[in-house]
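Open the model in your viewer and keep the sequence panel at hand. The tour goes stop by stop: select, look, move on.

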Amino acid sequence: MKFTFHMKKILISLVLAAASVASGAEARPLVIAHRGASGYLPEHTLAAKAMAHGMGADFLEQDLVLTKDDVPMVLHDVHIDTVTDVAKVFPGRKRADGRFYALDFTLVELKQLRVTERFNAKTGAPVFAKRFPAGLSEFHISTLEEELQFIQGLNRSTGRAVGIYPEIKQPKWHREQGHDISRIVLPILARYGYATKSDACFLQCFELAEVKRIRDELGWQGRIVMLIEGKAKGEDGADHNALCTPAGLKEIAAVADGIGPAIMRVVTWSSTGEVKLTGLVKTAHEAGLVVHPYTIRVDELPKNCPSAEALHAALFREAGIDGVFTDFTDVTRAWLKSKSE
Ligand code: CA
């Protein structure tokens, strides 16, 4: 039998349909690898993503910022001086505030930098003392497309269907600098098969004005999560305490599928270690929103939280969250597995 181009196309669409059905029926609760397996390897490196993929993450997170030539890069901050050697390689390129910005460098320039474990730019000290040592081995910054190809390649070679969780970083700031990050990122996601609510993707952003714009003006049809700061105000000056009220959550639910609040918005601990639920998960669920708090760090527990075990139990059992961002995919996966047996 001759395999025509048309038959191949039908076969490919059948395979894609099966994959999207699988992602639509994803397990709950979700384990979201925060910047990859960042508890073990420098954040947002492909090595960290591979490790989290192997540890059984359901979703891998990408934080996105633009280069001078408008290429989305997987980086947590608009500054690059706390995770790279930029201060050594391009010493004259800092702004008046003393910081180095991804937006001031081309893709070719950023590719010359080495990525290292996160450190304090003033003191040089590592942020997490027991994590991967600074300056060892060789890591680089990836573009969004390089990372999507990497994850899709791993999905194919392992037979797993791990999703993506891209964050549009500081869109208001980007636009003030003359760069429209959302308008650049969305078509790339669509080109890689992330465009509808049944695709294995949650878009995320800390700015409600941008979430509304992404939905209403830019026509994003996929899932989107509104991130909520632990502090009162967002980077764009918005009131994040107000977002946690029933009225605020209703406003979010008109455009978004879920919220990603700081853990302290969901649960806190008294000085004697007693769990206190804030009620946010219940109110968000009543508004039809899923709740994916951030971030589980076994080496930096929330204030007064006695253990990683207590943290997982409070979030999953008592608060009833739908997923969590974790620096330690293996610990979170193991906790969920032990409770399901
Ligand atoms: Ca993030």
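**Stop 1: threonine 329.** Select threonine 329, which is found in helix 13, residues 329–340. The model is a predicted one. Is threonine 329 buried or exposed? Threonine 329 is buried, because its relative accessible area is 0%, and the cut-off for buried is under 20%. Now show what surrounds the residue. Leaving aside neighbours within four places in sequence, threonine 329 is in contact with Val31, Ala33, Ala52, Met55, Gly56 and Ala57.

**Stop 2: the calcium ion.** Centre on the calcium ion. Which protein residues donate to the calcium ion? Select Glu61, Asp63 and Glu167. The donor atoms are OE of Glu61, OD of Asp63 and OE of Glu167, and they lie 2.2 to 2.3 Å from the ion. Along the chain, the donors follow the spacing E-x1-D-x103-E. Color the two glutamates by element of secondary structure: glutamate 61 sits in strand 2 (residues 59–66) and glutamate 167 in strand 4 (residues 163–168). The pair links distant parts of the chain, 106 residues apart. Both glutamate 61 and glutamate 167 are buried.

**Stop 3: the largest pocket.** Switch on a pocket surface. The largest pocket holds about 850 Å³ of space. Its lining counts 35 residues, and the closest to the centre are Phe206, Glu229, Ala262, Tyr294 and Arg297. Select those five as sticks. Next, highlight strand 2, strand 4 and strand 8 (267–269): each supplies at least two residues of the lining. Which strand gives the most to the lining of the largest pocket? Strand 8 does, with 3 residues. Color the lining by class and you get 13 nonpolar, 9 polar and 13 charged residues.

**Stop 4: the cis bond.** Stay with Tyr294, one of the residues closest to the pocket centre. Select tyrosine 294 and threonine 295 together. A cis peptide bond joins them, with omega about -5°. Most peptide bonds are trans. Threonine 295 lies in the loop between strand 10 (290–291) and helix 12.

**Stop 5: leucine 315 and the largest core.** Follow the chain into helix 12 and select leucine 315. Leucine 315 is buried, because its relative accessible area is 0%. Leaving aside neighbours within four places in sequence, leucine 315 is in contact with Ile263, Val266, Val267, Pro293, Ile296, Gly320, Ile321 and Val324. Draw a distance to histidine 292: the C-alpha atoms are 9.9 Å apart in space, and the residues 23 apart in sequence.

Now widen the selection to the largest nonpolar core, which has 84 residues. Ile80, Leu189, Ile252, Ile259 and Leu315 touch the most other members. Helix 12 (residues 308–319) brings the largest share, 6 residues. A second, separate core has 12 residues, including Leu30, Val225, Leu227 and Ala262.

Return to the largest core and pick leucine 189, one of the residues that touch the most other members. Not counting residues up to four places away in sequence, leucine 189 touches Leu144, Leu148, Ile164, Pro166, Tyr194, Leu203 and Trp220.

**Stop 6: the cavity.** How many cavities of 30 Å³ or more does the structure hold? The structure holds 1. About 50 Å³ of space lies in this cavity. Select its lining: Glu43, His44, Val74, Leu75, His76, Val83, Val115, His140 and Ile141. By class, the lining has 5 nonpolar, 3 polar and 1 charged residues.

**Stop 7: two positive phi angles.** Most residues other than glycine have a negative phi. Select serine 137, in the loop between helix 4 (107–110) and helix 5 (144–158). Serine 137 is not a glycine, yet its phi is positive, about 60°. Then select glutamine 170, in the loop between strand 4 and helix 6 (171–176). Glutamine 170 also has a positive phi, about 40°, although it is not a glycine. Glutamine 170 is partly exposed, with a relative accessible area of 22%.

**Stop 8: glutamate 251.** Finish in helix 10 (residues 246–253), at glutamate 251. Glutamate 251 counts as partly exposed because its relative accessibility is 37%. Leaving aside neighbours within four places in sequence, glutamate 251 is in contact with Leu208 and Lys212. For a last distance, go from glutamate 251 to histidine 79: 31 Å in space, C-alpha to C-alpha, and 172 residues apart in sequence.

Key:
Residues numbered from 1 in each chain as written. Predicted model: local features only at pLDDT ≥ 70, side-chain atom pairs only at ≥ 80, totals over all residues. Heavy atoms only, no water. Donors = N, O, S within 2.8 Å, 3.2 Å for Na, K, Ca; no water. Helix = DSSP H or I, 4+ residues; strand = E, 2+ residues; numbered from the N terminus. Buried < 20%, exposed > 50% of the residue type's maximum accessible area, 1.4 Å probe, protein only. 1 Å grid on protein atoms, 1.4 Å probe; cavity = no way out; pocket = protein on both sides within 12 Å on 5 of 7 lines; lining within 4 Å. Points joined across faces, edges and corners; volume = space filled by probe spheres on them. Nonpolar A, V, L, I, M, F, W, Y, C, P; charged D, E, K, R; others polar. Core = buried A, V, L, I, M, F, W, Y, C linked by side-chain atoms within 4.5 Å. Contact = heavy atoms within 4.5 Å.
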